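Trainee: I would like to learn how to read a structure of this kind, one feature at a time. Could we look at it together?

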Amino acid sequence: MQEPRLEGPFRLMVDDVRSATRGRTCGVYALGALRGDGVFAVSFIGASYDELNQDLCEKIGTAPYFKYKAFADPEVAFLELCDLFHAFHPSGNPFHPERPKGSRLRCPICDQSVRRPEANARRR
């Protein structure tokens, strides 16, 4: 599994959230703090499949910083969310994140029989 690349860190404050996520509606995010050595310590991961800006603003006060990655497709965002969840096992996520409403997609890490769409495209 590759290390997920997220933009940030940004302060988890209204102005910073709005500035960083402007025009982005779908994405994954990590909340956390910067350790003394400058490493971003993840405490929670999440996704928004339709209102990234609003969902992050609702998290203000739960962590000092956030990182995020925008996606055009909620199902691709869910696959990245699964990668983040399994890579970091954040303390703020006791349960596996849910898939987008209406999606039948399953976690490719929990269910090794499910392949990523881009992996299937390469095999053709």
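Mentor: Let us begin with one residue, Lys-67, which is found in strand S4; helices (H or I, at least four residues) and strands (E, at least two) are DSSP runs, numbered from the N terminus. This is a predicted model, in which local features need pLDDT of at least 70 and side-chain atom pairs count only at pLDDT 80 or more, while totals for chains, interfaces and linings use all residues. Residues are numbered from 1 along each chain as its sequence is written, and side-chain values use heavy atoms, with hydrogens and water left out.

Trainee: Which residues is Lys-67 in contact with, leaving aside its neighbours within four places in sequence?

Mentor: Contact means heavy atoms within 4.5 Å, and by that rule Lys-67 is in contact with Leu-6, Glu-7, Gly-8, Pro-9, Val-28, Tyr-29, Ala-30 and Phe-40. Lys-67 and Val-28 are 39 residues apart along the chain, yet their C-alpha atoms are separated by 8.5 Å. For the protein as a whole, among contacts between residues at least 6 apart in sequence, 69% join residues at least 24 apart.

Trainee: What pattern does the protein follow along the sequence, and how do S1 and S4 run?

Mentor: The protein has 4 helices and 4 strands, and read along the sequence they follow the pattern β-α-β-β-α-β-α-α. Two strands pair if DSSP finds at least two bridges between them. Strand S1 (residues 7–11) and strand S4 (residues 65–70) run antiparallel and are joined by 3 bridges, with Phe-10 standing opposite Phe-66 in S4. S2 and S4 also pair in the antiparallel sense, over 6 bridges, and there the bridge partner of Tyr-29 is Tyr-68 in S4. One backbone detail belongs here as well: Pro-9 is found in strand S1, and the peptide bond from Gly-8 to Pro-9 is cis, with omega near 15°.

Trainee: Which residues have the most contacts inside the largest nonpolar core?

Mentor: In soluble globular proteins, nonpolar side chains tend to be buried together. A nonpolar core is a set of buried Ala, Val, Leu, Ile, Met, Phe, Trp, Tyr and Cys residues joined through side-chain atoms within 4.5 Å, where buried means under 20% relative accessible area, exposed over 50%, and partly exposed in between (1.4 Å probe, protein chains only). The largest such core has 18 residues, and those with the most contacts inside it are Val-28, Ala-30 and Ile-45. The elements giving two or more residues to this core are strand S2 (27–34), strand S3 (40–48) and helix H3 (74–88), of which H3 gives the most, with 7 residues. Apart from this core lies another, of 11 residues, among them Val-17, Tyr-29, Leu-31 and Leu-52. Of the 124 residues of the protein, 38% count as buried.

Trainee: How many Å apart are the end C-alpha atoms of H3?

Mentor: The expected span of a helix is 1.5 Å times one less than its number of residues, so the 15 residues of H3 should span 21 Å, and its end C-alpha atoms are indeed 21 Å apart. At the start of H3, a side-chain oxygen of Asp-73 reaches to within 2.8 Å of the backbone nitrogen of Glu-75; a polar contact is a pair of N or O atoms within 3.5 Å, where, within protein, one must be able to donate a hydrogen and the other to accept it, and residues adjacent in sequence count only if both atoms are side-chain atoms. H3 is followed by His-89, whose phi is positive, near 40°. His-89 lies in the loop between H3 and helix H4 (117–123) and counts as exposed because its relative accessibility is 55%.

Trainee: Why is there no bond between the sulfur of Cys-107 and that of Cys-82?

Mentor: A disulfide is a pair of cysteine sulfur atoms within 2.5 Å, and the structure holds 0 disulfides. The sulfur of Cys-107 is 3.6 Å from the closest cysteine sulfur, that of Cys-82, which is too far for a bond. Cys-82 counts as buried because its relative accessibility is 0%, and Cys-107 is buried too, with a relative accessible area of 6%.
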